[in-house]
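Work through the two exercises below with the sequence and the coordinates open. Each task is followed by a solution in steps.

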Amino acid sequence: MSDTALGHARHVVTENPVTGFALALFILFVLAAIFGPSLVPYDPLASDTANALQAPSGQHWFGTDQIGRDIFSRVVVATRLDLGIAAASVALVFAFGGFAGLVSGFFGGWVDQVIGRVSDTIMAFPLFVLAMAIVAALGNTVPNIVLATGIINFPLYVRVARAETVQRREAGFVDAARIAGHRDMGVLLGQVAPNIMPIMVVQMSLTMGYAILNAAGLSFIGLGVRAPTPEWGIMVAEGASFIVSGEWWVALFPGAMLMTAVFCFNLLGDGLRDIVDPRRRT
Amino acid sequence: MRGLLLRLAGSLPALVAVIIVTFVLTRVLPGDTATYFAGPTASAESIAQIRAELGLDRPLPEQFWSYVQALVHGDLGMSLTTGQPVLTDILARLPASAELTLCGLLIGMAIAIPLGIIAAVRQGSLADHACRVIVTAGVSLPVFFTGLLLVYVFYFLLGWSPAPLGRLDAFASPPPAVTGFYLIDAALIGDWETWRGAAAQLILPAVTLGLFALAPIARITRASMLAVLGAEFIRTARASGLSSRTLILTYALRNALLPVVTTLGMVFSFLLGANVLVEKVFAWPGIGSYAVEALIASDGAPVQGFVLTMAILYILLNLAIDLVNRALDPRARHT
Amino acid sequence: MSAATPAAAASQSVLDVTDFSVEFRTRAGIVRALDRVAFSVGRGETMALVGESGSGKSVTAYALLGLLDAAGRITGGSARLEGTELTSASPAALSAIRGKRAAMIFQNPRAALNPIRNVGKQIGDVLRRHAGLGARAAAAEAIEMLRAVGIPDPARRAGAYPFELSGGMCQRVMIAIAVATRPALLIADEPTTGLDVTTQAVVMDIMGRLAAETGMATILITHDLALAAERSGRIAVMHAGHIVEDAPTKTLLLYPRHPYTRRLLAATPTAAGNLADLRSIPGNLPDLRRDDLPPCRFAARCDRRLPACEAPMQWRELEPHHRVACWNPA
């Protein structure tokens, strides 16, 4: 089975070079996140006021910022934090939202009602505003950014996991397992969960981009990560004041990096969806 | 009419949920409101005093009750930064946000809907490919970054637009407030110079928001137009020899717009959030930048008021979308 | 089947189709959906086009009216409606003919109507386009059409939306749309599928009455032999893109000559039979994407096959108005 899946994946990548490109980018981002800090030419925090606001050059590929820090080094080092926040929040909502959706679709009844109400309540807010409110209330820290980003994605994960579970429950093989004497939780985790996994992985890839955007947006308005930590959202915010005086590189490179990362995950998600669920091709 | 009342009643649970969540977020969770209010240098004694003043030492249900009572009276507390009641501040700034968001939405729809239609009608054409690229790229754009790029190109490089500093040039005075929308108020008194000034300030942030709203609208328009064009009633219309104008505009488009209208709910959710970021980039004096300033100053009441206002606004927008949907779709009127 | 004299009297005919061929280009190859189809329909006549699903009945109708999707195209032959050649007509000319001189109604009437436009306006749209009526006149005439198809309280029903009407009512509205401009030809594609039996009869009665009143020719596309037997004057049997037999209804039912027609009738022992349960005909329709399609597309399923069947197919007129495309008719 995994053999055919691999073959299919290879087919998709060759048929759709865009997915292959996204995959290559993804690998590049992961490498940057892992090895970036030890590879960059400058200390991302070291200021050099004599060389402040230098345009990109052979020495500083992406130029320097207002206190002379090397923007290239900062942008590369920030990869770990930005992707880390997004990945942590996606993992969090995958675990809780996915499980809630499973339980909701499997048992129905009051469990389904309660989880549905929780989702509705979250959806009653504009999501970014809710994330702002959560971080403001819980405190301005990175874990709270992770939590807030996870919470606003919760309804989406519940909906997808629930729909897939209901579909499988109605397909009858759950009943078969139950008649064979398996207990409910055993059926749920042993039979249903592995079956909805591919769709959930696609969902994770698709929401990664949104999670990155959301976390960067929060730090752009001063929530979460704080200066001088290198982080794309903050760096864009810091560069914003120099845009009007023409020092474009301070904001452009972190912004472009952010955009590329989100673009990469969106393309990858679309590609994965084509592999896992060819019906939903658009 | 009965359906309408039912729909209005249907918004109540969301409203209740929003009020409870706002209350929980600000009063129950670890962040200490009294410490916020007292400021960073306050002594333990003055914090305790403020706590008592705010009623924070009373049991939670009692606190919730007084919170709701205050809300009913429009009391959202005082802003420490401006020294004004939060409601006054928010009402003064709301029109700026509303004007910006609505213009952004209109720009987004004005581009996205025709694009989606052409992409669906001429499948595989240049417009179709453009639509795909824009849809994928559009959802990847960090809205604050798009805004900055536009500022760089149109203000710094080309000099076509004014400095990104608010709704009007610092030396111009705003038109007398009727609606609070500068474009409308200036037009009402025929002050076209102010109108042009306001429009010049508005165009970049509105385009930024428009670009942001464009992707989801174009995507759903294309998809729903494709679905409708394949529908059996379109085949009937073609078999009746109706002109392609009637076919596309009267038969296909009106049906295709129904899912688009429904999707606007989601678009508004994104748009109201993006609005905060765009207001910060363009120093737009709306409720978004008000909240950001309060956040930085650890000023709790304005943040809470902002969240509540946004949520209520969102509920009202969803209600409006529902009403539009009822007007467009006779089937929706019968449920 | 080389060009043959159509059975119906030429002077009275509304539609003359000869050597009409259609292909679809698909990823899996070219589908030869229709091959030299030929028939005529006369004024006031109802011809039934019967066959299994996939035999090309609906494709014939769509191709005639220029409603094929982009993958399909007419590769040869001629189709003359009241003397106008349809195969070479421009899209604009075809669009002017559709709904005016030739109209079509479909199965599943509720889905075939615009869900958010009231039925009066939908009838009015056709009148405004083809009869040159203004909005008010079209609305008044639409009510008259609703009355003509037997809808009670037509003035009120004109304001109704399809979801507010029953399936039978919707099909009457479809008929009203189709006949609003008094077309010369009406093509009814499975018009009663999905309707209950009484409603079926009512709908067919209305179509029959309107045809008799206006001299409209009708092509009734159906897989329901019983319906065809009851409602048509002539039956043409289709199989895999060919018309294999064409005869007056009574003759065809009593003296079927083509092996396929015989199988069809045998598979439906009583006149109340239905082609849907046609499991007893061995084999399936041949794959129409093959390059080496045999001249007779039924040969592989046929128990009267002869070596002569490898020769190009020709029409044989066994008696006046009864033709069959077979080398070894029963």
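Two strands count as paired if DSSP finds at least two bridges between them; strands (E, at least two residues) and helices (H or I, at least four) are DSSP runs numbered from the N terminus. The model is predicted: local features need pLDDT of at least 70, side-chain atom pairs count only at pLDDT 80 or more, and totals for chains, interfaces and linings use all residues. Residues are numbered from 1 along each chain as its sequence is written, and chains are lettered from A and ligands numbered from 1 in the order in which they are written.

**Exercise 1.** Place β6(C) in its sheet and find what packs on it.

Step 1. Write down the strand order: β6-β7-β8-β3-β9-β10-β12-β11 in chain C, an open sheet of 8 strands with mixed pairing.

Step 2. Read off the edges: β6 (102-105) and β11 (316-319) of chain C each pair on one side only.

Step 3. Take the pairing of β6(C) with β7(C) (185-189), which is parallel over 4 bridges. Within it, M104(C) has I187(C) as its bridge partner.

Step 4. Add the helix: α7 (167-179) of chain C packs on the sheet and touches β6 and β7 of chain C. Its direction makes about 170° with that of β6(C), where axes are lines fitted to C-alpha atoms, for helices over the stretch in contact, and angles run from 0 to 180 degrees between N-to-C directions.

**Exercise 2.** Describe the side of chain C that touches chain B.

Step 1. Count contacts (C-beta atoms, placed from the backbone, within 7 Å): 25 residues of chain C meet 18 residues of chain B.

Step 2. Assign elements: α2 (91-97), β6, α3 (109-112) and α4 (119-130) of chain C each supply at least two residues. The most come from α4(C), with 4 residues.

Terms used: Two residues are in contact if their C-beta atoms, placed from the backbone, lie within 7 Å.
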